[in-house]
Amino acid sequence: MDATPRVTAVLGPTNTGKTHFAIERMLTHRTGVIGLPLRLLAREVYDRIVAQRGPSVVALVTGEERIVPDRTAYWVCTVEAMPLEIGADFVAVDEIQLCGDPDRGHVFTARLLKARGLHETMFLGSDTMRPAIAALVPGVTFMKRERFSTLTYSGSKKISRMPARAAIVGFSVENVYAIAELIRRQKGGCAVVMGALSPRTRNAQVALYQNGDVDYLVATDAIGMGLNLDIHHVAFSSTSKFDGRRMRSLHPQELAQIAGRAGRHVDNGTFGVTGEARPLDDEVVEAIESHRFAPVRKLHWRNGLLEFGTPERLIRSLEFPTSDEWLTRARDADDVLALKTLSVIPDVRDKLTSPKRVQLLWDVCRIPDFRNASGPEHATLLERIFDFLVGKGIGGGRIPSDFLAQSIKRIDKIEGDIDALSKRLAYIRTWTYVAQRKSWVDDESHWRGETRAVEDRLSDALHAALTQRFVDRRTSVLLRRLKQKETLVAEVNDKGEVTVSGELVGRLEGFRFRQDASSSPDEARTLRQTAEAVLKPEFHLRADRFYNAPDTEMDFTTQGGLMWGTTAVGKLIKGTEVSRPQVEPFVDEEAGPDVADKVRRRLQHFIDRKVALHFEPLLAMGRDETLVGLARGFAFRLVEGLGVLPRDVVSNDVKELDQDARGALRKHGVRFGQFTIFLQPLLKPAPTRLRLVLWSLFNGLQEFPESPPPGLVTIPNLPDVPKSHYTLAGYHPAGARAIRIDMLERLADLVRAKDSKAGFEASPEMLSITGMTLEQFSGLMGGLGYAAVRAERPKAKPEPVPVAVDPDAPVLPIPEEVSLVAEAEAAAAAAAALPPEMEVYYTFTWAPKPRAPRPERHARPPRAEGTPSERPARADRGPRPDRGPRRDAAPAVAETAAVAAAEGAPAAPQDDRPQKDRPANEPRPDRRDRDGFKPKGGKPQGKSDRNDRAPRDAGRDNKPKLFEARPPRAEKPIDPDNPFAVLAALRNKI
């Protein structure tokens, strides 16, 4: 052992290799201890030494981690965890300038004053500590280290203009996350480094940056403590921070410590500000660039000679002042505040019966508040731990394994967002620290491994969450390969996914490339240019497959889109005629005009064949050259209406068609209905769907009406839907419902056979055709112009079925059931006394809306007085056709018959009905066309001959009355010896 151990202070700015120099010096000794300011930095140095000497001789000791092999020679520790009692040959303390830190300064000051190696001691830090070290450490030797590179101020930069390999520094978790999110959107992603991260998470995040997966790092001031990263530029998003008690501005030496991370080794670096941070003053910039700062005048100190007699004596020893001019008593740290809180709790105070109990309480109070919980919450946890440790003996207790297992189990969950994982990681660090304390838990190795495993799982989950939120892996990988000038290979799989070097960049939808959202315009442009190299031949291959694909693979949508499978490849556009639409293909310009023309031609072939298939009867009628005159014009109207025309729109044209013209049109399937003129095959679902699309397209509708589901006889009649849309869909609105036009014509045929003036009831066939209830049918008939009168009547009972009795059948004994005849007769009598069951029925009568008055130019002159024979003939009226005798010509008819009888000629057959009773609706040759439709303004006319109908008044009293009671039947005598006759009589009674 040297008589006088050498003490060296290696001072200088950042990037001078001080830590590397200390590690080399330690490895020249047999044993050594090095204290580092952060657990993260301790882990980094530990890995470096293990790589050189192996894990069997290197120990790692921090507040939450303890790796101590049996043959440990070199100890890598945090400053607080340095073992000073082992007598190592070499002792080093890094970042010794932290003696001036208000929170941790007293720990570094204690190491400066007390930590010594047997052969060599080394203090590493800023040159601002030279006066203090010279005054407090006798015989110290100073070694100055110069920076390997220069550091230059570059002013303020926006994040969007931030250069690559830059670190943006924030001083709160919220600020760090906000900056990281902004960088992800604009630059593709970033790594996140904070002091609260576990070493495992921090190393994984640093690896993202060091490997080039991301070009940006967002961190707290933790990067200022010895983390060696490839950083070219450091930008401060703020120049003030919360130090645990108040917001304050950063000192120039603190800014220099962080800015010094830029320009590692011989590479020059720059620093500046960004965001809302104000530009740095010239004096501060000059101090940082020249590494000249005011020296540290006061070191924070706390008395290390503690008295554990009572809590009060312990607190007084901690608050003991110093008379040294270089030292100042440190403010109360978290451990002192916790001691003061717990020592006044009665339950805790009652347990402080000895100095060992007081020392145990002090050890418990030194558990760090990793959770950053409130004072009372942290104190409650410490109180419970102290209560466990006190146990029954003096310091002989343990934290129960069940309690520890339950606490860890609540934390061991990898689900959740970044905040939830960060909180769980902080909680497990508390139990990791507890497990590292000797004799605090049973089976220490088990709980140390258990807490470490949970921390590793949470660390991995937090790293994954950070990466997922703040890194676009696809973008980062592609940018790295572009930066390294690698050849990017693009591919298209069978699902249409386009990948570049294995990373998904977009999808090929039909003949259009849909690129995924990219982080920057430059990247998007580069990726698209790379993808186009493989897309151009793919477009041609797809166009060939599409051109040869059958029509079954294609379809049109209700809004005029054209589909190939599930992919949109074009749309319909208006053509010169309603039945000749044109197509517009969806093809990228990069595919070329040949691909676009091939797709367009195939789509046009498809839609032309669809029109020809579904409208074949209509198109054949339009091409029929045998149709001439009015028939050809009417056929043209049908083609324009795509096979469906409301009759009231073309009523005049229908009247002008003669029977030959109508017959020619009927040959093509045209049906002249009472309400609609249509072609029956064009009412099927497929032609209806196409008709709605073509009509909407030709008329320039923005939103096309959709066809009703197939198979429905009636659909709701919505007031917002125009009537023309229902007609095109094959329905006729009537009341609250719209009925299919072919079913409506079948219903009209049934109604024409009824007496619409006297009134009729709905038949079961009518209800079956419409598929409606009686109430719904009344609303439908109301929409068709009929008045529905609701009434009630007794429900008719079914007639009893007579039983045939064979008179020659043998007479059998009367069974016992016949004895119930009297009871059955009584029940029948009781049932007859009950009120009859009523049923609802409707009577429908024709009640058209009043017609508008005729225009004056068509008004007839007033009728002349007298009989028709006496009235003057109209000059503009031709000879009256022979329509039979008029109602008021009865005397003339009688006179003609008398003259004929006198001359011996046969008399014309006479109608013995009174002429005034002749039905007004008796058919006349010129009042109805051969299709049996009503004349204009009249009620519906039937096809059947109505001359057989009785006069309006004659014989009216002879009609059967529906509600007249029937006369009772004559009852046949019952043979009591015949059981079958008795049973038949019983059934008739019932």
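Strand 27 and strand 29 (residues 676–679) run side by side in the antiparallel sense, joined over three bridges. One of the residues involved is Leu645, whose bridge partner in strand 29 is Ile677. Keep in mind that this is a predicted model.

What holds strands like these together? Strands of a sheet pair through backbone hydrogen bonds, and the pairing can be parallel or antiparallel. Here the two strands belong to an open sheet of three strands. Its order is 27-29-28, and the pairing is antiparallel. Strand 27 (644–646) and strand 28 (670–672) are the edge strands, and each pairs on one side only. Neighbouring strands of this sheet are turned against each other by 10 degrees on average, direction ignored.

Now turn to the helices. Helix 10 covers residues 334–343. Which of its residues are buried? They are Asp335, Val336, Ala338, Leu339, Leu342 and Ser343. Look down the axis of helix 10: its buried residues fall within an arc of 160 degrees, so they line one face of the helix. What covers them? The cover includes helix 9 (311–318), helix 11 (346–351), helix 12 (355–365) and helix 13 (375–390).

Helix 19 lets you check a simple rule. It has 22 residues, from 593 to 614. At 1.5 Å a residue, helix 19 should span 32 Å. Its end C-alpha atoms are 32 Å apart, which agrees. Helix 19 has buried residues too, among them Val595, Val599, Leu603, Phe606, Ile607 and Val611. The buried set also includes Arg602, Gln604 and His614.

Loops can hold buried residues as well. Take Thr62, in the loop between strand 3 (58–61) and strand 4 (66–67). Is Thr62 buried or exposed? Its relative accessibility is 2%, so Thr62 counts as buried, because buried means under 20%. Which residues does Thr62 touch? Leaving out residues up to four places away in sequence, Thr62 touches Arg39, Ala42, Thr78 and Ala81.

Finish with the cysteines. A disulfide is a covalent bond between the sulfur atoms of two cysteines. How many disulfides does the structure hold? The number is zero. Two cysteines are worth finding in the model. Cys190 has a relative accessible area of 0%, so Cys190 is buried. Cys365 has a relative accessibility of 2%, so Cys365 counts as buried too.

Notes: Residues are numbered from 1 along each chain as its sequence is written. This is a predicted model: local features need pLDDT of at least 70, side-chain atom pairs count only at pLDDT 80 or more; totals for chains, interfaces and linings use all residues. Side-chain values use heavy atoms; hydrogens and water are left out. Buried means under 20% relative accessible area, exposed over 50%, partly exposed in between (1.4 Å probe, protein chains only). Helices (H or I, at least four residues) and strands (E, at least two) are DSSP runs, numbered from the N terminus. The arc is that of the directions from the helix axis to the C-beta atoms. Contact means heavy atoms within 4.5 Å. A disulfide is a pair of cysteine sulfur atoms within 2.5 Å. Two strands pair if DSSP finds at least two bridges between them. Axes are lines fitted to C-alpha atoms, for helices over the stretch in contact, and angles run from 0 to 180 degrees between N-to-C directions. The expected span of a helix is 1.5 Å times one less than its number of residues.
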